[in-house]
Structure formats: C-alpha cells, structure tokens
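Me: I should like a close look at a single part of this protein. Please describe the open sheet and the helices that lie across it.

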Amino acid sequence: MDSSSSSPVLRYAVFGHPVAHSLSPRIHAAFARQFGIALEYVGVDAAPERFDVALAEFAAEGGLGANITLPLKTRAASICSHLSDRARRAGAVNTLIRSATGWEGDNTDGVGLIRDLTERHGLDLRERRTLLIGAGGAARGVAPALLDAGIGDLFIVNRTPERADALADTLGLPGRVHPRYLSDVGTLGNFDLIVNATSAARDDAMPTLPMSLATPRTAAVDLSYGEAAIPFLAWAKVAGAHDRIDGLGMLVEQAAESFERWHRKRPDTDPVYAQLRQGALSLVTAD
C-alpha cells in the first residue's frame, strides 16, 4: 500500500522499572485491533533517576501518551503541566496524555479497580469496613475511588507509618480514614474488604497478617497478579475469605480507561481479560 494513504502509526509506551514483563503492550495492541488503529506501544525500562530524560526523549520522538507503573507514579505526577481531579486526589499518575503545554496526568487505577470488583465480580462495596495494606503509588491510586464507591471506614497500614499518615491526610476524611501501624494490624478486628496494595511479595517481604482479619464474608483483593499475588491470596484462602481476587481485571480495566482517554473509543475488555486469564498462573507482575 502507498504509505501516503495509510494511517500514521500512533506512538505510546509504558514506563516502569522493571517493565519487561508488562502486559500493557499486549492489552493495548488487542484494544487497537478492535478498532483497526495503527498503534505502536512499547515498554520503556526507566529507573527513577532516568525517568525525566526517558520521557522527554519519548516526547521528542512523537510519543502521544504513556502509562506509568512502579515505581514512577508519584514522580510522574510532579512533572505534569496539568492533573485531572482524580490524579490530583491520588497524588499519583498512571496515564499521561500529550498536550500543547506538556503532559496531562490522569489516574485510571481506581476506576479500573472499582469496575472490575463491581461489574466483573459482582461485589457490592457499600459500607464495607476496609483495610488497605500499603500507602505507595498503587494505594494512592485506588483509595479515593474506594471511598467514592461508598465503602465504610478505611484503615490504612504501611510498614512506614509516615506514608500511611500522609495518604490519610491527602484523602481529607478524618472521620472515615484511619492510618495505623502495620505492626498493630492484629488489634483492628476483622474487615469486609482487604486490599493488598504493596509490592512486598515481589521483594519476598510479604507482611505477616493474622487470620483474624478475614471472615467468611470478606473479599480479599491483591492489586498485583500472577506470581506476585500468590502469597497474599494464599493467606486469604487459609483465613477463609469469601472472595479472592487478583489485579488482572483491574489492569485490563485501567488500560481500557487510558485507551479511551487517548483514542476516544471504549474497548471491549472481556475478551482481552479472558485471553490473559488463561495464562494467568505464568504471569509476573510488572504493571
């Protein structure tokens, strides 16, 4: 075909460290095929100290948008010329949109998680007493959306208590949001929803959690998937949690939200999720 009559290739990427195992390129390629969009979407491994330079190079080469994953989400928020309301509330960015004045930052993690839990898994989140383990970029992305979805009280525990305090302060709801020491987690009673937002399993540092946290009505959710989700979900099974959900559905849903921001088209996530779920046990989290 004459190249002048073909569509230009649209350039996108996911930035993280590590990023080699990221599923985002596969997901966005599948979405693009649904609409016949010519898309180039690659993984860019960028350590935090090199992220700014790598992103500037990507922009100079015509990059139109990017996803941001560990450990760059809070750094990405600081370099945007404009933040969406949900990115501002989170203090973390997972989606960048190129604009005339620089990068606009958005955060689709929270809406992706809620859509997966409520629509794919049929959970009613309203009034659920909730424990959030972790206070980094992943936790920041989902905490506002959980509150918006109508959960009850939100307890945040983190190995570094200052970060739990900082996240609670950012959320600004002292009557509903309670930062606590991770070491005191056994004194907090049981929870209807437990969300593991740490990357501890990746670092072989999964915190020891008491079985008393879960009951037969508890939903246990790990924002990781594949190998990284196994330790927490194994704990949840032994503890008797009713629902045990990994982060694969959230990953696909947040990707769909990013895709819609970039292309103004809403992809069908179910076939993409089903395809990835078939090989889920062999996956390594890198998103």
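The reply below follows the sheet from one edge to the other.

Reply: The model is predicted. Its open sheet has six strands in the order 9-8-7-10-11-12, and the pairing is parallel. Strand 9 and strand 12 (residues 243-245) stand at the edges; each has a single partner strand, so one side of each is left without a neighbour in the sheet. On average, neighbouring strands are turned by 15° against each other, direction ignored.

At one edge, strand 8 (residues 154-158) runs parallel to strand 9 (residues 177-181), and five bridges join the two. Within this pair, I156 stands opposite P179 of strand 9. Between strand 8 and strand 9 the chain passes through helix 7 (residues 161-171), in a β-α-β crossover that is right-handed.

At the other edge, three bridges link strand 12 to strand 11 (residues 219-222), again in the parallel sense. Here V221 has I245 of strand 12 as its bridge partner.

Two helices lie across these strands. Helix 6 (residues 137-148) lies across strand 7 (residues 130-133), strand 8, strand 9 and strand 10 (residues 193-196), and runs at about 170° to strand 7. Helix 8 (residues 230-239) lies across strand 7, strand 10, strand 11 and strand 12, and its angle to strand 11 is about 170°. Strand 7 and strand 10 are thus named for helix 6 and again for helix 8.

Just after strand 12 in the numbering comes an annotated span: UniProt, in an unreviewed entry, places the feature "domain: SDH C-terminal" at residues 247-277. That span is 81% helix and 0% strand, with its end C-alpha atoms 11 Å apart.

How values were computed: Residues are numbered from 1 along each chain as its sequence is written. This is a predicted model: local features need pLDDT of at least 70, side-chain atom pairs count only at pLDDT 80 or more; totals for chains, interfaces and linings use all residues. Side-chain values use heavy atoms; hydrogens and water are left out. Two strands pair if DSSP finds at least two bridges between them. Helices (H or I, at least four residues) and strands (E, at least two) are DSSP runs, numbered from the N terminus. A crossover is right-handed if, with the strands pointing away from the viewer, the path from the first strand over the helix to the second runs clockwise. UniProt positions are given in the numbering used here, feature names are shortened, and annotations may be inferred rather than shown by experiment. Axes are lines fitted to C-alpha atoms, for helices over the stretch in contact, and angles run from 0 to 180 degrees between N-to-C directions. Contact means heavy atoms within 4.5 Å.
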